[in-house]
Amino acid sequence: MQFKQIVGQDAIKQRLVTSVKENRVSHAQLFLGPGGSGSLPLAVAYAQYLSCEAKLANDSCGECSSCRKYQKLMHPDLHFSYPFFAKHKEDTAITFIEQWRDAFLANPYLSLDAWRGYLDAENKQANINIAECHQIIKKLSFKPFESPYKILILWLPEYLDKSGNALLKIIEEPQPNTLFILVAQNQDQILNTILSRTQLIKIPPLEFEDIKNHLITHHNQTVDAATEIAYLAEGSLTEALNMLQYDNKGYHEQFVQWLRLCFGNKGLDVMSFVDGAAKMGRENQKNFLRYGINFLRECCLLLSGAGSLVHLPAHELETAQKMANVMIVEEAEAIVAELEKAHYHVERNGNPKILFLDVSLQIIKILSFKIIRQGRSQYMPN
């Protein structure tokens, strides 16, 4: 993995390269970023750059013996640890290394859900067990074989339970030229004893334009399609790539038409919409609801006088401005709350016909009858 293969994150890339050039490589680093931001591929590209035998100005060469082994994730001084679904107490990450290589090479912007698909997860909970901790200690007790550094990339240390304390000594006092890179998404779920022993590197969500341009350049998306997907992805390339698998066109027109039907209290037409929405498929239903949530949040910005912060394509912005003339902030926020509840229940396999009918009725009450629910009570806005 080379830095140039990673979408966006130019400032982080430069920071990592500079740390190597200035010989300021900390032995334990925590790459903390939301899912889809590129934390994991950045960690692998950083490790490859450290081990490259012919470093370029801002990247690894991609051609030396070390880089070729890294590209297959088969370098003897590169080790991985990650959550897995153990069938036996002696199972470790090595048990699943072939599946891990397949998963990462297929999509470096890997999510835990996608990783589950490569394993026989059944109903087991993912974790990094004590056997894996002991295996890490064993692997890192040896000197590097070929490279200046022996590197361990530990993906999702949030799944280390108390057994992770077994790693404290080797993290704090590792063998010379041993490097730990922890790749995490939620700082609050990491053991404090481990967190305090690492140098924190925050990875921000991807920029809208970076995702949009990547979809146009590498996935043959039209400008309009890439714009809508990037908008829905909210800084996550993982989410954007997932959306490519589904029919994500027409959400804007479909959503606005839904609001118009509810505003006009057109019962038969609303029922026709509900029947159609129930047949969209779970992922399309989630994406449709997510679009509605994001669109109405942009409307809230317009209604609050923060139009400069709105990020909508021109034709969608025109619609939002028209809606701002007939809707108040409280109504938009109330509809967002209903859509968020529906999204939650769709994720958990709720009956889509019942869900969309209920949301439609709630939107009718909000837009047509001007009744907004607050907790268990209802009130009429002024």
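Which residues is tyrosine 46 in contact with, leaving aside its neighbours within four places in sequence? In this predicted model, the list runs to Phe3, Leu16, Ser19, Val20, Val25, Gln29, Phe31, Leu179 and Ile181. Take a moment to find tyrosine 46 in the structure above, and let us start our walk from there.

Tyrosine 46 belongs to the largest nonpolar core, which has 101 residues. Together with Phe31, Trp115, Ile153, Trp258, Phe295 and Leu296, Tyr46 is among the residues that touch the most other members of this core. Which element gives the most to the core? That is helix 2, residues 39–51, with nine residues. A second core, separate from this one, holds 20 residues, including Leu30, Cys133, Leu140 and Leu195. There is a general idea behind such groupings: in soluble globular proteins, nonpolar side chains tend to be buried together.

Cys133 leads us on to helix 6, which covers residues 130–139. The buried residues in this helix are Ala131, Glu132, Cys133, Gln135, Ile136 and Lys139. What do they pack against? Their partners are three strands: strand 2 (78–81), strand 3 (150–155) and strand 4 (178–184).

Now let us turn from packed atoms to empty space. Rolling a probe the size of a water molecule over the atoms shows where empty space is left. How many cavities of 30 Å³ or more are there? The count comes to one, and the volume of this largest cavity is about 120 Å³. Its lining is made up of 18 residues, with Gly36, Ser39, Leu40, Trp155 and Gln185 lying nearest the centre. Helix 2 and strand 4 each supply at least two residues of this lining, and helix 2 gives the most, with three. Here we meet helix 2 again, the element that also gives the most to the largest nonpolar core. Sorted by class, the cavity lining has 10 nonpolar and eight polar residues, and no charged ones.

The model also has pockets, and the largest of them has a volume of about 760 Å³. Which residues lie nearest its centre? They are Ser111, Leu112, Asp113, Thr238 and Asn242, out of 31 lining residues. Several helices give two or more residues to this lining: helix 4 (97–106), helix 5 (112–116), helix 11 (237–243), helix 14 (282–303) and helix 16. The largest share, five residues, comes from helix 11. By class, the pocket lining has 11 nonpolar, 13 polar and seven charged residues. Charged residues are thus part of the pocket lining, whereas the lining of the largest cavity has none.

Charged side chains can also pair up with each other. How many salt bridges does the model contain? The count is 14, and we can visit three of them. In one, the side chains of arginine 197 and glutamate 172 meet, with 3.2 Å from N to O. Arginine 197 sits in the loop between helix 8 (192–195) and strand 5 (199–202), while glutamate 172 is in helix 7 (residues 168–172), so this pair ties together parts that are 25 residues apart in sequence. Arginine 197 is partly exposed, at 26% relative accessibility, and glutamate 172 is partly exposed as well, at 45%.

The next pair is aspartate 275 and lysine 353, whose closest N and O atoms are 3.1 Å apart. Because aspartate 275 lies in helix 13 (residues 267–278) and lysine 353 in helix 17 (residues 352–367), the salt bridge links parts that are 78 residues apart in sequence. Aspartate 275 is partly exposed at 29%, and lysine 353 is partly exposed at 41%.

The last stop is the salt bridge between glutamate 331 and lysine 370, with their closest N and O atoms 3.2 Å apart. Glutamate 331 lies in helix 16 (residues 329–347) and lysine 370 in the loop between helix 17 and strand 6 (372–374), so the pair ties together parts 39 residues apart in sequence. Is glutamate 331 buried or exposed? With a relative accessible area of 3%, glutamate 331 is buried, while its partner lysine 370 is partly exposed at 29%.

Key:
Residues numbered from 1 in each chain as written. Predicted model: local features only at pLDDT ≥ 70, side-chain atom pairs only at ≥ 80, totals over all residues. Heavy atoms only, no water. Salt bridge = Lys/Arg side-chain N within 4 Å of Asp/Glu carboxyl O. Helix = DSSP H or I, 4+ residues; strand = E, 2+ residues; numbered from the N terminus. Buried < 20%, exposed > 50% of the residue type's maximum accessible area, 1.4 Å probe, protein only. 1 Å grid on protein atoms, 1.4 Å probe; cavity = no way out; pocket = protein on both sides within 12 Å on 5 of 7 lines; lining within 4 Å. Points joined across faces, edges and corners; volume = space filled by probe spheres on them. Nonpolar A, V, L, I, M, F, W, Y, C, P; charged D, E, K, R; others polar. Core = buried A, V, L, I, M, F, W, Y, C linked by side-chain atoms within 4.5 Å. Contact = heavy atoms within 4.5 Å.
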